[in-house]
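Hi,

Here is the structure I promised to send over. Have a look at it first, and then read my notes below.

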Amino acid sequence: MSFLEYAPAPESTAILNLKDSYGLFIDGEFVDGSGTPFHTISPATEKHIAEIASASDEDVDRAVAAARRAYEKTWSKMSGRDRGKYLFRIARLVQERARELAVAESLDNGKPIKESRDVDVPLVASWFFYYAGWADKLDHAGLGANPRALGVAGQIIPWNFPLLMLAWKIAPALAAGNTVVLKPAETTPLTALIFAEILQQADLPAGVVNIVTGAGATGSTLVRHPDVDKVAFTGSTGVGRDIARAVAGTHKKLTLELGGKAANIVFDDAPIDQAIEGIVNGIFFNQGHVCCAGSRLLVQESIHDEVVDRLKTRLSTLRLGDPLDKNTDIGAINSAAQLARIRELSDIGEAEGAERWSADCAIPEQGFWFAPTIFTGVEASHRIARDEVFGPVLSVLTFRTPAEAIAKANNTPYGLSAGIWSDKGSRILAVADRLRAGVIWANTFNRFDPSSPFGGYKESGFGREGGRQGLTAYLKGAAA
Ligand code: NAD
């Protein structure tokens, strides 16, 4: 080892108190599922972590019935002030068990511990604190007179931010007075099940939150259940389309948070050092498994070579490896299936004529890994410029004028996020005004705050999560 290398600094898993197998969380209890159980593994080692129950149609029915009973008997009758107390209690318990949750998240998902510890889990607590504050103020939120809850919410989340997506869904639903049946992704159910233990610790009334684990079929049953009043889905655009079709013509209210292909636009007057860090954070944070990732770098032609050279130098310093090591910057790809997709789209990128460069890092023998990769010479028609890779792969395109940057940024079926890097505030505002994206960051990227609404246009979905606007998705007749 050279003196420049970091000594290993693995976070211990001793804090975890995992069970060998987990049941479904229905009506305040862990119960057996009647589907065939599955295993959750660590994507960094491919080692088994725990056996997980799979919810059949009857199990989903039991969970929805429990949520309905809790809604009718308890939760809809409780004052906002008391609901808020439960949410505050949950937030404090998340803080108390923060290290345990961070270790479990990194183990199950593959993301670096420094991200789960410093980003995911603190944001989870802040989401519950934030919506706890709204629970007794719904009448004063400008959401219409006497806002009423919808009833039972069916919520489905993906694997890239398992606990954070759970918080984005559950906190506003409970604050607005709804009860919940939530289905986590099949590759990352662990922290949702630890969260169920936290709900027991918080003495949340039975049935207010139910967690049903399983694959896509379980989610499909949940969204089609006739006694669900609200469907909230975060995941791929393809599944989102299927859900929109299933819900069309029913009384169910729908929110869809889908994919993205964000443009990160760097003008020649940008603060370059900050922009390099922002580009890296934009696409390599969480291995690029980020719906709002800045996966298309649009760089002004005059600074293209300088930016690409500096990016390569910076990427060469990133450390890829054990997600539980505190020095790790790039963790494991979440699943073999996702790794295969990233490889396939990258091979297509090369075949279509773009130039591929990957950081030279040692790839562990076990597990699912992909080195940070940059494609230059990318054309707007290339698949790596159009399809969501959902991995650590950056496509670099150039522009000459602000008008060309705007046209290229908007040339995508998605519209979730964008970034603008420039020294001029007036330019940032003028360009932001013409970008068709739900969230636009200026001289930063991938920043999240519970008070800020988040959501997309076009094939990125509709509805907003976060902020006062996030409450409207869970209230009757409310308009933001
Ligand atoms: P996915 O759509 O395959 O799965 C998401 C969830 O839906 C999982 O829990 C899955 O089991 C469930 N599911 C699968 N088929 C279903 C069906 N027919 N009916 C109901 N539920 C079903 O997506 P994924 O691969 O897990 O996640 C990656 C995608 O999520 C990316 O496209 C990403 O952009 C998107 N995403 C979006 C946001 C956002 O806020 N817009 C946030 C995170 C991830």
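Over residues 30-476 the chain is 41% helix and 15% strand, with the end C-alpha atoms 32 Å apart. Helices here are DSSP runs of H or I with at least four residues, strands are runs of E with at least two, and both are numbered from the N terminus. That stretch is also where UniProt, in an unreviewed entry, puts the feature "domain: Aldehyde dehydrogenase". UniProt positions are given in the numbering used here, feature names are shortened, and annotations may be inferred rather than shown by experiment.

Before you go further: this is a predicted model, in which local features need pLDDT of at least 70 and side-chain atom pairs count only at pLDDT 80 or more, while totals for chains, interfaces and linings use all residues. Numbering starts from 1 along each chain as its sequence is written.

Now the domains. The assignment gives domain 1 (21-258 + 460-476) and domain 2 (263-450); such bounds come from an automatic or database domain assignment. Their C-alpha centres lie 30 Å apart. The contact between them takes 23 residues from domain 1 and 24 from domain 2, where contact means C-beta atoms, placed from the backbone, within 7 Å. On the domain 1 side, helix 3 (98-109) and helix 4 (113-134) are the elements that give two or more residues, and helix 4 has the largest share, with seven. That side divides into 10 nonpolar, nine polar and four charged residues. For these classes, Ala, Val, Leu, Ile, Met, Phe, Trp, Tyr, Cys and Pro count as nonpolar, Asp, Glu, Lys and Arg as charged, and the others, Gly among them, as polar.

What surrounds the ligand? There are 29 residues around it, and Pro 158, Gly 216, Gly 219, Gly 235 and Cys 291 come nearest. A residue counts as near if its C-beta atom, placed from the backbone, lies within 6 Å of the molecule. The shell draws at least three residues from each of domain 1 and domain 2. Helix 7 (216-224) and helix 8 (237-247) each supply at least two residues, and helix 7 gives the most, with four. By class, the shell has 13 nonpolar, 11 polar and five charged residues.

On to the sheets. One is an open sheet of seven strands with mixed pairing, in the order 13-14-15-12-11-16-17. Two strands pair if DSSP finds at least two bridges between them. Strand 13 (355-358) and strand 17 (439-442) stand at the edges with a single partner strand each, so one side of each has no neighbour in the sheet. Neighbouring strands are turned by 20 degrees against each other on average, direction ignored. Axes are lines fitted to C-alpha atoms, for helices over the stretch in contact, and angles run from 0 to 180 degrees between N-to-C directions. Strand 16 (residues 417-421) runs parallel to strand 17, joined by four bridges, and Ser 417 stands opposite Val 439 in strand 17. Helix 11 (residues 336-351) packs on this sheet, touching strand 13, strand 14 (373-376) and strand 15 (393-399), and its direction makes about 135 degrees with that of strand 13.

There is also an open sheet of three strands, order 1-5-4, with mixed pairing. Strand 4 and strand 5 (residues 48-52) pair antiparallel over four bridges, and Thr 40 stands opposite Ala 50 in strand 5.

Cheers

Conventions:
Contact = placed C-beta atoms within 7 Å.
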